[in-house]
Amino acid sequence: MRVGVYIPNGAGGDFPGWNMRAAWERTLDLARLSEKLGYESLWVPDHLQNVRVHNDLPTFEIFPHMTAFAMVTERVTIGSAVLCAGWRNPALLYKMMSTLDVASNGRAEIAIGAGWNEWEWRGYGYGFPSGRERLKLLEEALEIISRMQQPGRQSWQGEQFHIDDVVCEPKSIRQPRMPLIVGGNGQKVTWRLAARFADELNLDGPSIEQIAEWMPIIRQRCEEIGRDPATMPVSTLLRWRGVTGQQRVEGLQFLAELGLNRILTDNVALMDSDEPLYEYVEDCNAAGVELLA
């Protein structure tokens, strides 16, 4: 079971009182340290404003942030967690990700979801489509991204997005394609889209008990379309709020037994201390979880 780290970008109100240059450099230091400690991947949230308390604290945009992490590391995967399908033209979005993949020497992974935070959507002029409409944007984005990863030029017409004889070069370095991850907890639509399009499903902040309940349903979504569930790994963002030591060790062991592919952890205290990174490594070691497995 692989273990990744969310690096703060400000969306959680991470930078109160920080000078912005100092905050930026601190996030790069965390990226370097995470790689040194053996973490498998670094993940950046796609948020444009602070989403926790709706104040005016700053938030770094995801693409410069991911690129900066790629430049100061050599091994770790660099992932988007998760891109909002309605904020960027999906053809351009994939072009940006494929360029990042080249810049990182094949270490980029594209994770995308329907988006949820109305405050950001409206604030940046996107309106706020209904849940059904946002899921349709996600479906069309996945269709286009999947097609653009294929050899040659591609054309496709959807209701909201289209491509017309598009050339997408460079492709990603990783073959047969850059991993495409669908993020979200929607059992009826999102998980079915993941079964159709994704190399991985990423769950957003469930409890350990919820994951145990959901795994059979996720397998069912694959089986509905004749897909082997083993070909769609499942990862999750876990918010270990106040859970450390033996309780977290046992949680990690339980998730490994469930067959989870990867755990991503967000550490709200990282801006002020390196200790959460060290402590998590210790708990993983105690649980018998290899960070790079």
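## Thr 236 and its surroundings

The side chain of Thr 236 reaches the backbone oxygen of Leu 203 at 3.4 Å. In this predicted model, Thr 236 belongs to strand β10, which covers residues 234-238. With a relative accessible area of 0%, Thr 236 is buried, because the cut-off for that class is under 20%.

Beyond its neighbours within four places in sequence, Thr 236 is in contact with Asn 202, Leu 203, Gly 205, Pro 206 and Ile 211, and also with Leu 260, Arg 262, Ile 263 and Leu 264. Leu 203 thus appears both as a contact of Thr 236 and as the residue whose backbone oxygen the Thr 236 side chain reaches.

## Strand β3 and its partners

Strand β3 spans residues 77-80; Thr 77 and Gly 79 point one way, Ile 78 and Ser 80 point the other way, and all are buried. In a regular strand, side chains alternate between the two faces of the sheet.

Strand β2 (residues 41-44) pairs with β3 in the parallel sense over four bridges, and Ser 41 stands opposite Thr 77. Strand β5 (residues 108-113) also runs parallel to β3, joined by two bridges; here Ala 108 stands opposite Ile 78. A right-handed β-α-β unit is made by β2, helix α2 (residues 62-72) and β3.

## Helix α5

Helix α5 comprises 18 residues, 131-148. At 1.5 Å a residue the helix should span 26 Å, which agrees with the 26 Å between its end C-alpha atoms.

The buried residues of α5 include the charged-type names Arg 134, Glu 140 and Glu 143. Also buried in α5 are Leu 137, Leu 138, Ala 141, Leu 142, Ile 144, Ile 145, Ser 146 and Met 148.

Conventions: Residues numbered from 1 in each chain as written. Predicted model: local features only at pLDDT ≥ 70, side-chain atom pairs only at ≥ 80, totals over all residues. Heavy atoms only, no water. Buried < 20%, exposed > 50% of the residue type's maximum accessible area, 1.4 Å probe, protein only. Pairing = 2+ DSSP bridges. Right-handed = clockwise from strand over helix to strand, strands pointing away. Expected span 1.5 Å × (residues − 1). Polar contact = N/O pair within 3.5 Å; in protein donor to acceptor, adjacent residues only side chain to side chain. Contact = heavy atoms within 4.5 Å.
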